[in-house]
Amino acid sequence: MNSFDHSLLLFFNQFSQKSVVFDYLMVFLENTNLLKGGLFIAVFWGFWLQPSPEQERRRCIILATLTGCAAAILAARLLALNLPFRVRPLNESAVRFLHPLGTSQHTLEKWSSFPSDHAALFFGLSLGCYLISRRVGLLAAIYTGVVVMFPRVYLGFHYPTDILIGGLIGLLAVAVANQTRLREKLGNFGLGWMRRAPVSFYICFFLATYQFVVLFDDIRSAGHLVMDLRHAMHGETVEPRG
C-alpha cells in the first residue's frame with residue numbers, strides 16, 4: 001500500500017465506530033441502488049424525454065454514454081481478474097482497519113479491489129451528464145464523490161487509488177464513445193431502431209437501463225450460473241454463493 005492510500009485511509013478510519021448513526025448511514029448509502037444507479041438513470045430518462053431542440057443530440061449522447069459505461073465496467077472487471085489480486089482494506093489484517101459498525105470483515109474478500117468498477121460506472125455517467133448539461137454534470141460528479149465513492153472508502157471496500165483509476169477508466173471510455181463519428185453511429189443505430197420499432201426498442205432500453213440501476217447484478221448472476229454449471233459438468237466442487 002502506497003503512502004497516499006495509507007494516509008487517506010487512516011484519516012477516514014479514525015472516525016470509524018465514533019457514531020452509530022454515521023456508520024449505519026454509510027452502510028445504507030452503499031447498499032441502496034435507488035440513490036446510486038436509480039438516481040442517475042432517472043436523470044438520463046428525464047433528459048431523454050424532455051422536449052428540446054437538442055433532443056436528438058441528447059439522445060445520441062445518452063446512448064453513447066451508456067455504451068461507454070458498459071465498456072468501462074467490462075474493462076475494470078477484466079483488469080481486476082487479470083492483475084495481481086489486491087486485498088480490500090477491510091479484509092487486510094496488516095492495515096489494522098477498524099471496521100465501521102454494521103460491516104463484516106469477510107465482505108467481498110474474494111473480489112480484488114483494484115480498479116473500482118463502481119468508480120468507472122458513476123464517473124462515466126457523470127461525464128455523460130456533463131456533455132448534456134455542465135451544471136448537472138458537475139453536480140453529478142460531486143454527488144458521485146460524496147455519496148457513492150466516499151462510503152466505499154470509509155467502509156474499507158476500496159483504497160483511494162482504486163477509485164482514481166476506476167474513475168479514469170470510466171471517463172476515458174465515455175469520452176471515446178462520445179467522439180463525434182462513433183456517437184453518430186451509435187445514435188443512428190439506436191434512434192433508427194426506435195423509429196422503426198418503438199415498442200421493442202423501449203422494452204430493451206428499459207431493461208438495459210435497469211441493469212445500470214442494479215449495477216448489473218443480474219448479469220453477474222448469469223455469469224456465475226454459467227461458471228457454476230461448467231464446473232459442475234466437469235465434476236468439480238461448486239461453492240455456494242451467499
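Read along its sequence, the protein chain runs α-α-α-α-α-α-α-α-α-α. That pattern comes from 10 helices and 0 strands. The radius of gyration is 19 Å, close to the 18 Å that the globule rule gives for 242 residues, so the chain is as compact as a globular protein of that length. Keep in mind that this is a predicted model.

Next, look at the whole chain. Its C-alpha atoms fill a box of roughly 55 × 50 × 30 Å along the principal axes. How much of the chain is buried? Of the 242 residues, 43% count as buried. Contacts tell another part of the story. Take those in the chain with a separation of 6 or more: residues 24 or more positions apart account for 78% of them.

Now turn to the surface. The accessible surface comes to about 13300 Å². Carbon and sulfur atoms hold 67% of that area. The chain also carries 21 positive and 15 negative charges. The mean positions of these two sets are 9 Å apart.

Zoom in on helix α1, which spans residues 3-13. Which residues are buried there? They are D5, L9 and N13. These residues cover an arc of only 50 degrees around the axis, which puts them on the same side of α1. The helix itself explains such a pattern. An α-helix has 3.6 residues a turn, so residues three or four places apart point the same way. In this model, the buried residues of α1 pack against two helices: α6 (134-154) and α7 (160-177).

Helix α7 also holds V176. Is V176 buried or partly exposed? Its relative accessibility is 45%, and buried means under 20% while exposed means over 50%, so V176 counts as partly exposed. V176 and A64 are 112 residues apart along the chain. Their C-alpha atoms, however, are separated by 8.9 Å.

Move on to helix α9, residues 198-213, where F201 is found. The relative accessibility of F201 is 3%. The cut-off for buried is under 20%, so F201 counts as buried. What does F201 touch? Leave aside its neighbours within four places in sequence, and F201 is in contact with W48, G190, W193 and M194. A175 gives another reference point for F201. These two residues are 26 residues apart along the chain. Their C-alpha atoms are separated by 25 Å.

Set the two pairs side by side. V176 and A64, 112 residues apart along the chain, have C-alpha atoms separated by 8.9 Å. For F201 and A175, 26 residues apart, the separation is 25 Å.

Technical notes. Residues numbered from 1 in each chain as written. Predicted model: local features only at pLDDT ≥ 70, side-chain atom pairs only at ≥ 80, totals over all residues. Heavy atoms only, no water. Helix = DSSP H or I, 4+ residues; strand = E, 2+ residues; numbered from the N terminus. Rg over C-alpha atoms; globule rule 2.2 N^0.38 Å. Buried < 20%, exposed > 50% of the residue type's maximum accessible area, 1.4 Å probe, protein only. Contact = heavy atoms within 4.5 Å. Areas by Shrake-Rupley, 256 points an atom, 1.4 Å probe, with all protein chains shown as cover. Lys, Arg positive; Asp, Glu negative; His and termini not counted. Charge placed at Lys NZ, Arg CZ, Asp CG, Glu CD. Arc of directions from axis to C-beta.
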